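User: I would like to take a close look at a single part of this protein, starting from its cysteines and moving on to the core. Please set out the reasoning in a form that a first-year student can follow.

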Amino acid sequence: MAQARRTRALGLVQCPPDLWLYSVDTMAITDRTRRLLWGRSAARCALCRRHLVEDETDVSEASVVGEEAHIVARSPGGPRYVPLAADVVDHITNLLLLCRIHHKQVDDQVQDFTVETLRLIKAEHESKMRA
């Protein structure tokens, strides 16, 4: 019982202690990594190039419609999951900026959007945005 409470408190997947790789709550995407990702991506979806910030209106604030997607999933059972250390799973090399539609699509269609495919998409997109 105490182990189960400790597991929930740390956000760990329930498995034997010798298999605990990291707590999903231990690390998170840092503000610096977020700024780099959005900057290198020019605030555009890596697939459709849609601008991911909608301007404010007279009556509403600006709206962020982009999402920071993990190439290799952060959690067991997630799309393209393989165990990675917390500092690797939230590293900029494992993140891709997408619109909400394409984030859902790449996570649902993992056979079409493999780790290798997403890394290539990321590299090509960020290269084009630098040009």
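User: Does C48 count as buried, exposed or partly exposed, and what is its relative accessibility?

Analyst: The model under discussion is predicted. In it, C48 counts as partly exposed, with a relative accessibility of 36%. A disulfide is a covalent bond between the sulfur atoms of two cysteines. The structure holds 0 disulfides. For C48, the closest cysteine sulfur belongs to C45 and lies 3.7 Å away, which is too far for a bond, because a disulfide requires the two sulfur atoms to be within 2.5 Å. C99 is likewise in no disulfide, and its nearest cysteine sulfur, again that of C45, is 3.8 Å away. C99 is buried, at 6% relative accessibility.

The nonpolar core comes next. In soluble globular proteins, nonpolar side chains tend to be buried together. The largest nonpolar core here has 20 residues, and L52, L96, L98 and L118 have the most contacts inside it. Three elements each give two or more residues to this core: α2 (31–40), β4 (95–99) and α5 (115–130). The largest share, 5 residues, comes from β4.

L98 deserves a closer look. Setting aside residues up to four places away in sequence, L98 touches C45, A46, L47, L52, G66, E67, A69, H103 and V106.

One of these partners, A69, lies in strand β3. A69 counts as buried, at 2% relative accessibility. Beyond its neighbours within four places in sequence, A69 is in contact with N94, L95, L96, L98 and H103. A69 and D107 are 38 residues apart in sequence, yet their C-alpha atoms are 8.9 Å apart in space.

H103 and V106 lead to helix α4 (residues 100–108), where they are buried together with H102. Seen down the helix axis, the buried residues of α4 fall within an arc of 105 degrees, so they line one face of the helix. The face turned away from that buried side carries the exposed residues I101 and K104. The cover over the buried residues of α4 includes β3 (66–70), β4 and α5.

Finally, T33 is found in helix α2. T33 is buried, with a relative accessible area of 13%. Apart from neighbours within four places in sequence, T33 is in contact with D90, H91, I92 and L95.

Methods: Residues are numbered from 1 along each chain as its sequence is written. This is a predicted model: local features need pLDDT of at least 70, side-chain atom pairs count only at pLDDT 80 or more; totals for chains, interfaces and linings use all residues. Side-chain values use heavy atoms; hydrogens and water are left out. A nonpolar core is a set of buried Ala, Val, Leu, Ile, Met, Phe, Trp, Tyr and Cys residues joined through side-chain atoms within 4.5 Å. Buried means under 20% relative accessible area, exposed over 50%, partly exposed in between (1.4 Å probe, protein chains only). Helices (H or I, at least four residues) and strands (E, at least two) are DSSP runs, numbered from the N terminus. Contact means heavy atoms within 4.5 Å. The arc is that of the directions from the helix axis to the C-beta atoms.
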